[in-house]
Amino acid sequence: MAQPADARLGLPAAISVALFDLDGVLTNTAVAHRRAWREVFDGFLARRCGAGFQPFTDDDYLRYVDGRPRADGVREFLRSRSIALPEGESGDPPSDSSVQGLGNRKNRLLLSIIDREGVHVYPGAVKYLSAVRAAGLKIGVVTSSANAVAVLAAAGLTRFVDARIDAQEIARRGLRGKPAPDAFRACAEALGVRPPRAAVFEDAVAGVAAGRAGDFGFVVGVDRTGDGAHAEALRAAGADMVVADPAELAR
């Protein structure tokens, strides 16, 4: 794997574009996502399986949901519990027991959490974004979130972003979600570079796998869990380097 050569940013000298996941890399909204998923899935499992159901865990979140488009996360987690639901329609009410209904329930809950508690930006992420901008690299955000525009604005990060591929754009273009590399490739293309000239920053195993599958020039795993097992999972998925915060790379 490539070794970092740019002392300013800890990236290979050939890199001219940095592509960042949003939730868990730039903002702490991954915590809110995990809370919302837990409430939705535990409520669903309690109704379906009764009092003895096996709760949704942090490991379930990292394995089946983190980094994936919302409906894919519903399908993957339910498949792990040998449960199949009808797909439903994108406009299904949050009360419906369909893939889309559960996903919409989670999104409604997520928005209520963000509305109550706001969006926290990781200071190290802002420091690194500023260094990336000062070094003359272009910046893209690639996220499976349907709320990326609002989160970026609330976090004060819109000013850094030259291109964005989010859930709406993924759906509009018919792109495959992570761990497929489609969204990262689309963002690199929007910024006028081929994948070997772009670095990917991801906290999700699925996102790191997408960066590696897309032949990107450098893939950075961001492990904010402090869990050695997650760091190893990021490396196993193809991360060239794993850091607790992107600011660790800046010089």
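1. The structure, a predicted model, holds 1 cavity of 30 Å³ or more. The largest cavity has a volume of about 220 Å³. Its lining is made up of 19 residues, and those that lie nearest the centre are D23, H33, R68, S144 and S145.

2. The lining of the largest cavity may also be described by element and by class. At least two lining residues come from each of α1, α2 and α4. Sorted by class, the lining of the largest cavity comprises 5 nonpolar, 7 polar and 7 charged residues.

3. The pockets may be considered next. For the largest pocket, the volume is about 410 Å³. Two or more residues of the lining of the largest pocket are given by each of α3 (70-80), α4 (99-117) and α7 (167-173). The student may note that α4 also appears among the elements that line the largest cavity.

4. Which residues lie nearest the centre of the largest pocket? They are P69, R70, A71, A167 and A171, out of a lining of 20 residues. The classes in the lining of the largest pocket are 8 nonpolar, 8 polar and 4 charged.

5. The second largest pocket contains about 170 Å³ of space. A total of 14 residues line the second largest pocket, and A30, R34, D203, R224 and T225 lie nearest its centre. In this lining, 6 residues are nonpolar, 4 are polar and 4 are charged.

6. Two helices deserve mention for the second largest pocket: α1 (29-49) and α2 (58-65) each supply at least two residues of its lining. The largest share, 3 residues, comes from α1. Both α1 and α2 also supply at least two residues each to the lining of the largest cavity.

7. The strands form an open sheet of 6 members with parallel pairing, in the order β3-β2-β1-β4-β5-β6. At the edges stand β3 (163-165) and β6 (241-243), each of which pairs on one side only. From one strand to the next, the twist averages 20°.

8. Strand β1 (residues 17-20) has both of its faces covered. On one side V17 and L19 are buried, and on the other side A18 and F20 are buried. Which residues are the bridge partners of L19? In β2 the partner of L19 is G140, and in β4 the partner of L19 is V200.

9. The pairing of β1 can be followed to each of its neighbours. With strand β2 (residues 138-142), β1 pairs in the parallel sense over 4 bridges. With β4, β1 likewise runs parallel, and 4 bridges join them.

10. Strand β4 (residues 198-202) also pairs with strand β5 (residues 218-222), in the parallel sense and over 4 bridges. Here V200 stands opposite V219 in β5. V200 is thus a point of reference in the sheet, being also the bridge partner of L19 in β1.

11. The cysteines call for a short remark. The structure holds 0 disulfides. Is C49 buried or exposed, or something in between? C49 is partly exposed, because its relative accessible area is 48%, and partly exposed covers the range between under 20% for buried and over 50% for exposed. C187 is buried, because its relative accessible area is 0%, which is under the 20% limit.

Definitions and conventions:
Residues numbered from 1 in each chain as written. Predicted model: local features only at pLDDT ≥ 70, side-chain atom pairs only at ≥ 80, totals over all residues. Heavy atoms only, no water. 1 Å grid on protein atoms, 1.4 Å probe; cavity = no way out; pocket = protein on both sides within 12 Å on 5 of 7 lines; lining within 4 Å. Points joined across faces, edges and corners; volume = space filled by probe spheres on them. Nonpolar A, V, L, I, M, F, W, Y, C, P; charged D, E, K, R; others polar. Disulfide = S-S within 2.5 Å. Buried < 20%, exposed > 50% of the residue type's maximum accessible area, 1.4 Å probe, protein only. Pairing = 2+ DSSP bridges. Axes fitted to C-alpha atoms, helices over the stretch in contact; angles between N-to-C directions.
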